[in-house]
Structures are given as C-alpha cells and as structure tokens.
Amino acid sequence: MTATTPSSRGGRWLAALTDEAPALPGYPDSVRVVDGELDGAPARYIAVVPDPASDFPRARGGEVGLVEGWTLARAVRETMTADVDGPRRPIVAVIDVPSQAYGRTEEAFGIHQALAAAADAYAAARRAEHPVIGLIVGKAMSGAFLAHGYQANRLIALDDAAVEVHAMGKQAAARITQRTVEGVEALARTITPMAYDIRSFQRLGLLHRLLSVADADSPAGPDVAAVRDALTEACRDIGDSRDLGARLGEGRAASLAVRRRLRAQWQS
Amino acid sequence: MDTATLIARESFVERGARERVAGLLDAGTMRELLDPFERLRSPWLAEQDIVTQADDGVVIARGAIAGTAVVCCAVEPAFQGGAIGEVGGAKIAGALELALEDAEAGRPVVPVLLLETGGVRLQEANCGLAAIAEIHAAIAALRAHVPVVGVVAGPVGCFGGMSIAAGLCSQLIATREARLGLNGPQVIEQEAGVDEFDSRDRPMIWSLTGGEQRRATGLVDTLCADDAQAIAAEVAAAVAAGPEDPARVADVDAALARLARIDGDRRAEADWVRDAFQTPTDDRSDA
C-alpha cells in the first residue's frame, strides 16, 4: 500500500476492493463513495471512515452521525437515479462502524431522521433491483449498522475477533440493564443474541457467508480475491429476491414461529 | 377549555397498549392477533431469570378506522420499557410484512404504529436489532402503497432503532409529553460524558427532543394534546391520507444544506435549532 493507506479497516478494504480507485469528489471525507467493479461489471462501494477534522466533534471516529446518515442516503439515491434506465449496479456497503454518533447536537438536529434517510435509501435501492450487499469487516454497531448495511439483501462478514455486531457498547449496556460490565460479558457467553462476536451472530442465521481471511486488518492478495468471490457469489444468489427473507432461518426459531402463527390468524 | 371538558378528557398516555388500540378502532372491529393466550413469551428473558409477559409487550390488532382496514401494532410501555425483543419485534415485522403482501395484492391495510419504546431490548440484543431492520424494511416498502401512521405519545418516548422506524413513517403524531431521539439520555451521558449531555436535566431534554420541538422542526408532522379522542381523530385523518414520501425522509439535499450551514461545535439550544430548520435552503444568500 502507499503512503495514503487509510486509517481504518473499512477504508482499507474499500481501497483494496476497488483497486485503490479514487473516491468520488463532492462527498465529505467521512463517507467514501467509490465506483469499482464486481464480477466484471460496474459496482458502487460505500464506506464510512474516520474524519478527525469533521465539523461535528462527536462523529470524528468513524461513527455514523448527521452528515454521514444524510450522505449515505445521497450516495445511494444518486446510484438509483443514474441507473434508472439501465442495468442496476450492485451496491456494496463496506461496514466498519463503531457506533452512531452520541451527542447533544446530533439529537437536537434529529440524527434518528438522518439514519432513517440512509436506511430508507438502501431499502429503496434493494427494491429497485440493485443487488445490495453488506460486507462487515469491522464493527457493525446498533444504529450505525441499521443505517449502513442492515438493509442489504445479503450480509457477508470476515471471521475475525475484531468483527462485532451488537446493539450497544458494553459500558452503556451494563448501565441500562443495571448490571456490571463483567455481568454483561458473562451473559454474552451464554445468551447467543447478547454476544458481540461474529460467530454468535452467524448462529442466528443472519449471515449469508462468514469468510476466513489471513489478515482482516491488512487486506491483501488472496484475502481480497476471496472477498471478491464471495461478493460475486452473493450478487448471483440474490437473483430476483428483493426482500430480507434470506435471513429468516432456524437460527431465529421464535421469529419464524411468530410469523407462521401470525399468518394463520391474519385473515379472519 | 372549560372545566367540565377538562375533567371529561381521557388521557391517552395513561392507557396501556391494548386500551390505546381499542380506543382508535371503530366499535366492534378490533380483532387481536397472537393475543396473550397464545403465550408467546421471550425465550431469552427466561434464561436470564427476568419475568416474561404472555404477549411479549406488543399488541397486534386488525380492525377498521372510519371503515378503512388497519392493523395496529402497539408497544406496551409498562413492560421492559417498551423494549423490542425477538418475539415482540417479529410480531410487528410479521404484521407489517403481511400488510405489505395484502397491499401488493390490491387489499390495502393501513398500519398504525404506537411507538412507546426504548429501542432494542438489550437482553436479546442482536435478535432485537435484526427485527428492527425488518420493521424498517417493511415500513419503507409499505409507504409506496399506504400511509404508515406513527404515534409517539409518552411516557416512554421513542428511541434507538425504533426512532428510525418513526422517522420512516408517512405521518408522525406526537404529544408534548413524548420524546423522540436516537440515543437515550443515559446512553449519551455514558458514552460522551455529563458535560455533553446531563441525563438528569429534564427541561433541556424536553426542549431538544420533546414533541413540541420536534413539531417545530418538522421531525413530527402533528402535535396533539394528550387526549384519547383528539389523538384518535388525528390518527383517523392520517389513515385517510394518501400514501406519500414525507419530506422529512426524502429531502436529502435540504438536510445536507442545513447541516452545511450550522456550526457543529456550538452547544445546541432549542431556539437555535428551530431557526436552523426554518431558514429556507434556496433563497437566502446571507444564511
């Protein structure tokens, strides 16, 4: 890699998967939008990355804040507009988001609405026949994940200790549930949905693929090729499906049972 | 308002989820699905020695409002702070998915969401988060067919992933007692420090995230008194409206222009935020 190696894992995977193509101009430094290729055809890659110079102090570390939420919406909507009369490019969300931005300004200006706009755009792209793939290379936390990736047709993750999915960091989760951090960690070892690690997440049936890589931190040669292959396979697997049905399997038995019984009662 | 009217007024906020739904529906039309006798309890709370509830804190009911077919999804504020676990989340997502199937088949059913929730139930973290993503997907898809009506009345408010769900609704109704925000006060204080956000400063919290401020900034569409009849009337009006993409969600350029104008370092106060939302984005060069 060159001297411009990105500071975050998400940024490095974005660069590697797009052969270091330049990010599109006109976007803030915290949202990198790159036009690359997948399976020999154009594809759009999007990552949220740290921007130490952001105007919003609570969103300088790769968090999804106000600017990031609305910019994700813009990047996805622009892809849809550009492709409205032609082939629908795949959209790959490269996911390495430590959290949403926690701050007073963020709440005051409606960060929930910014994240809604992002989720809405990804969902609209999926329904408009863009294959949308979420590639989890680092943390996929809570609202940040809901805004950037969780609306994808398929989720792929790297099998690595630093890859985590959860609804809240351990300190805050301990406070809200009136437990100690040790207590939260102990429960995370036995209650599958409370775990932070990606293998537990896989057991819930939410992943399309969990990929072994030699070095998740520094994407190189065979690892990048393996991820490209997985993205290609996911893209083909999506086929004509437009909803999130592929995630609903035996890993979430109660979710299935509720839907089955609800359907039986739906029509009077 | 005269005294007799005030005394006759019934609070919506003080009602539980089932009673709230009953008050919205045309008399005799309410049919609850997966009611408490189904005993669909959280499989995860029991493992943690936490008391479960036979409806997992979510009420799903079909019925009619002024003759229009609706499905109400109401979160019970009194159980686990309205937090969304696997079962309750699947009840809402599943109901919305069925409403979408019906809408696509030409049988519109209007969803009415009563959102009284702290967001993901942390004891079932990733199951709650997954369900909320499915709720988002369904609301976004339904909006092309029918209005999706959200109500945040209080006392819990609407937070976490479910505040995003509120943001996705076509029509959002709130009371002055309601709060709407992504991160709850205690979480912000824990993550960012008490200087950033004091979770005990209730006037500040309501001034920035309360229903009145959210209405003034366009993040809520209708402000309504805590009056069961008045809220029912607002819900009926929203149900009767056509499907549309609210500017709240769709106007990306306006939102980015607003953010470009504000100073991210400035300590947010209610008046400043209102001014920022009211400044037109396209006809002011001195902004």
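How many bridges join β3(A) to strand β4 of chain A, and do they run parallel or antiparallel? Keep that in mind as you open this predicted model and take the stops below.

**Stop 1: β3 of chain A.** Select residues 91-97 of chain A, which make up strand β3. Here 7 of its 7 residues are buried. Turn the strand to look at its two faces. In a regular strand, side chains alternate between the two faces of the sheet. On one side of β3(A) you will find Ile91(A), Ala93(A), Ile95(A) and Val97(A); on the other sit Val92(A), Val94(A) and Asp96(A). Both faces are covered.

**Stop 2: the neighbours of β3(A).** Add residues 132-141 of chain A, strand β4, and you have the reply to the opening question: 6 bridges join it to β3(A), and the two run parallel. Now show residues 41-48 of chain A, strand β2, which is joined to β3(A) by 4 bridges, also in parallel. To get from β2(A) to β3(A), follow the chain through helix α2, residues 66-82 of chain A; this β-α-β crossover is right-handed. Next, pick Val94(A): its bridge partner is Ala47(A) in β2(A), and in β4(A) its bridge partner is Leu135(A).

**Stop 3: the sheet of chain B.** Move to chain B, where 7 strands form an open sheet with mixed pairing, in the order β1-β2-β3-β4-β5-β6-β7. Colour β1 (31-33) and β7 (222-223) of chain B: each has a single partner strand, so one side of each is left without a neighbour in the sheet. For β1(B), that partner is β2(B), residues 58-65, joined by 3 bridges and running antiparallel. Select Arg31(B) to find its bridge partner in β2(B), Arg62(B).

**Stop 4: a helix across the sheet.** Finish with residues 17-24 of chain B, helix α2, which lies across β2, β3 (68-75) and β4 (110-114) of chain B. This helix runs at about 160° to β3(B).

Conventions: Residues numbered from 1 in each chain as written. Chains lettered and ligands numbered in written order. Predicted model: local features only at pLDDT ≥ 70, side-chain atom pairs only at ≥ 80, totals over all residues. Buried ≥ 20, exposed ≤ 12 C-beta atoms within 10 Å, placed from the backbone. Pairing = 2+ DSSP bridges. Right-handed = clockwise from strand over helix to strand, strands pointing away. Contact = placed C-beta atoms within 7 Å. Axes fitted to C-alpha atoms, helices over the stretch in contact; angles between N-to-C directions.
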